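Student: I'm new to this structure and would like a close look at a single part of it. Could you pick the salt bridges and walk me through them, then show me what lies around them?

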Amino acid sequence: MTLAIVLAADAPAASLPTRAGEPLADRLAAQLRAAGADEVRRAVDLDELAALVDAATGPVLVTGADLVAHTAVLRHLATSPVGPTVALVLTDPPGDGRTAVREERGQVVEAGPPETLNGDATGIFGGALRVGVADLPSLAAAARAAAAGVLPAGAPSAAAPPPAGPAVDRLFAGLAGLGTLTFAHRVRLLVAHRVSDPAGLAAAEAAVAAVDEDRAELRLSVKERDDFFTTFFVSTWSPYVTKASARLGLGPTAVTMISVAFAVAAAVLFGVGGRPALVAGAVLLYLGFVLDCVDGQLARYTRHFSAWGGWLDTMADRAKEYVVYAGLGYGATQAGFRYGWALAIAAMTLQTVRHMTDTWYGVLHDEAARRPKAVGTSGGGIGDKLNAASNRVQADTGSVSYWLKRTVVFPIGERWALIALTVALFGPLVSLYTVLAWGVLAFAYTGALRTLRARWMWVPVLDTVDATLHRDDGPLARRLPVVRPMGPLTLAVVAALGPAALLVAALLTRDGTKAPGLGWAVPVALLVLLVGGLGAGAAHNGPLDWLVPAALRAGEYLFAIAVGVVGDVPPWLVFGYVFVLTLHHYDLTARLEKRQSAPPLHGLTLGWEGRSLLLALAAIVGIAGIGMATLGTYLLVVFVGSVVLAWVVLPARAARASVGLAGAGGRSPG
């Protein structure tokens, strides 16, 4: 249940008559109801607002009474999926005591009077914010402190003094002073202004009337910044598909599943081979990617966001891509190339490890934005210069350097475009080679630059989360002794070298379909891999420790592949096993990105070291194929069970419990 509060204190504009003759505050209340608020209340001062917040059980939407905006602006603020607490940020000039903000990576990192931001302000607080349930105590504390004209209890002593402007600005400055993680919601294409007199009200209303709200919302469904292929070859016409889908009553999840069907059909055609099938598969792959963009556009257009939808979209994207790799691998093998499946396995492994580094580098940047004073404390250097250069390029939207930077990293649109083009013109083998070649170059480029920038930032991230969960440690790793001097990253890299050496040796000595004489090397490689567990209990606070999950993923995947080669396991089975592992690991990263808890059955996945130990035992007794198939099936069952529990069973139980509590609370005594 969303509560909306119109804060009328210190807002002379609240009683200004609008074009329809009603007071501005009354129109705002009606707009908040239209934006989805279940209850709308008016607070005459900050103490009354604090009392209302104390009694709230759901998110709270707070607006000043001087805001003139499209209803869609308030609806977008109320439904924003970026985080639980979101503030409206405008580009209006500062004045009338309004609070200025400085933001980084979409997060408000500082708020206060413009003069206290030393010219670094990036916008002005728009007089409206949505506060998540977990942050409601901070909101109430900020309201009471602002009413008393003091800093909120718990605010750092170096925080800016309370501003003397409108009540809603003082409230927001106090909330920011408490360190509340607040995301910035910018207005694009629509209109929002704060007014203080009849002339300003008339001008703002005219600006609102001049914009077609529905057309603007459709354009807003397209990401403001996307990659080159998506921007020029998809987003130019996908909004028409988005609007048609909305009219047909399709939801984002339905569009996602249709996109999956297109990708699976494309993979089948790539496996069938023959020029007509390859061209048809390329077309289906392109259309599937268009629908992959449409599901997000449809969610933004209809404002239908959910944790389930975000999780499903992330998982479906990776599953579709890897199914396509399987189709290419099978097609190349059927065309007579001996190592078609090997290339598919390599492409999937490379892309997964890359995604792990992408995820954690994003977490690193977000943490750096929340702690801006920690950035640059090393005195500059090459990392500082790279960071400044990157920011300049990102700001120069539309330039050649901007598009090169976005393209060289080989994003998903470019990957799908490259696959579609090369498979249609040349076939599956060339497609796999080009994906691997560009992927390796992109990994080297991003890895080198990110390493330099991360050393400059020196912001630890794995010590801010459950490192055991995101390392994917099992019972054995948690019981191994801790070797602190080497550091967890060094140990994880050393651990990956053993399986890598075994895989190289197996490939070089492979005779026909077997790799003779290397059975003894499997336990040796396992012992080297287990070195990674010696860092499980150490502090992950080094500047590069965000790379630990990716290094452990690489070690486990390489070990599984090496066992498959040594144990003469069919390559399609090795691909299937690694594919199941990627589902498990993407589940962890998707939950990290969507701020979800650990999978319900995570304890049954045995950990990277437990799974590797079982594979090694199977290889030693000569049943590597049976062991891999059995373990892969088990992990798939656990994954599906976790999905059903997390998204079906547990929410249903919570809903029944909530209804039961509400019913019990509504019964009369006696």
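Tutor: What follows is a walk through the salt bridges, and then the cores, a helix and a surface patch.

Keep in mind from the start that this is a predicted model. How many salt bridges does a search of the whole structure find? The count is 24. Side chains of opposite charge can pair when their charged atoms come close. Let's take a few of these pairs one by one.

Start with Arg 194 and Asp 66, which form a salt bridge whose closest N and O atoms are 3.2 Å apart. Where do the two partners sit? Arg 194 belongs to strand β10 (residues 192–194), while Asp 66 is in the loop between β3 (60–64) and β4 (67–69), so the pair ties together parts that are 128 residues apart in sequence. Both partners, Arg 194 and Asp 66, are buried. This pair also has company: Asp 66, Arg 98, Asp 169 and Arg 194 are linked in a network of salt bridges.

Next, look at Arg 406 and Asp 227, whose side chains meet in a salt bridge at 3.4 Å, N to O. Arg 406 is in helix α15 (residues 400–408) and Asp 227 is in the loop between α7 (213–220) and α8 (228–233), so here the parts tied together are 179 residues apart in sequence. Are these two buried or exposed? Buried means under 20% relative accessible area. Arg 406 has 18% relative accessibility, so Arg 406 counts as buried. Asp 227 has 12%, so Asp 227 counts as buried too.

Now for Glu 321 and Arg 415, with side chains that meet in a salt bridge at 2.7 Å, N to O. This pair links distant parts of the chain, 94 residues apart: Glu 321 is in helix α12 (residues 307–334) and Arg 415 is in helix α16 (residues 412–425). Glu 321 has a relative accessible area of 1%, so Glu 321 is buried. Arg 415 is at 3%, so Arg 415 counts as buried.

One more charged side chain is worth a stop, Glu 205 in helix α6 (residues 198–209). With a relative accessible area of 8%, Glu 205 is buried. Leaving out residues up to four places away in sequence, Glu 205 touches Thr 18, Arg 19, Arg 27 and Val 68.

Let's move on to the nonpolar side chains. In soluble globular proteins, nonpolar side chains tend to be buried together. Here the largest nonpolar core has 109 residues, and those with the most contacts inside it are Phe 270, Tyr 325, Trp 546, Phe 559 and Phe 575. Which helix gives the most to this core? Helix α13 (residues 340–370) does, with 14 residues. There is also a second, separate core of 33 residues, which includes Ala 50, Ala 56, Phe 125 and Val 131.

To get a feel for the big core, zoom in on Phe 270. Setting aside neighbours within four places in sequence, Phe 270 is in contact with residues including Leu 278, Leu 285, Val 324, Leu 328, Ile 419 and Pro 428.

Helix α13 deserves a look of its own. From its first C-alpha to its last, α13 reaches 46 Å with 31 residues, close to the 45 Å expected at 1.5 Å a residue. Helix α13 is mostly covered, with 26 of its 31 residues buried.

Finally, the surface. Leu 476, Leu 613, Leu 614, Leu 617, Ile 620, Val 621, Ile 623 and Ile 626 make a nonpolar surface patch of about 700 Å². The largest share of the patch, four residues, comes from helix α24 (residues 607–620). One residue of α24 is Leu 613, and with a relative accessible area of 33%, Leu 613 is partly exposed. Other residues of α24 are buried, among them Trp 608, Glu 609, Arg 611 and Leu 615. Helix α24 has 14 residues and reaches 20 Å from its first C-alpha to its last, close to the 20 Å expected at 1.5 Å a residue. Just after α24, Gly 622 takes a positive phi of about 85°.

Terms used:
Residues are numbered from 1 along each chain as its sequence is written. This is a predicted model: local features need pLDDT of at least 70, side-chain atom pairs count only at pLDDT 80 or more; totals for chains, interfaces and linings use all residues. Side-chain values use heavy atoms; hydrogens and water are left out. A nonpolar core is a set of buried Ala, Val, Leu, Ile, Met, Phe, Trp, Tyr and Cys residues joined through side-chain atoms within 4.5 Å. Buried means under 20% relative accessible area, exposed over 50%, partly exposed in between (1.4 Å probe, protein chains only). Helices (H or I, at least four residues) and strands (E, at least two) are DSSP runs, numbered from the N terminus. Contact means heavy atoms within 4.5 Å. A salt bridge is a side-chain nitrogen of Lys or Arg within 4 Å of a carboxyl oxygen of Asp or Glu. Patches are made of residues with over 30% relative accessible area and no salt bridge: like charges are joined within 9 Å, nonpolar side chains (Val, Leu, Ile, Met, Phe, Trp, Tyr) within 5 Å. Accessible areas come from the Shrake-Rupley method with a 1.4 Å probe; for residues, only the protein chains shown count as cover. The expected span of a helix is 1.5 Å times one less than its number of residues.
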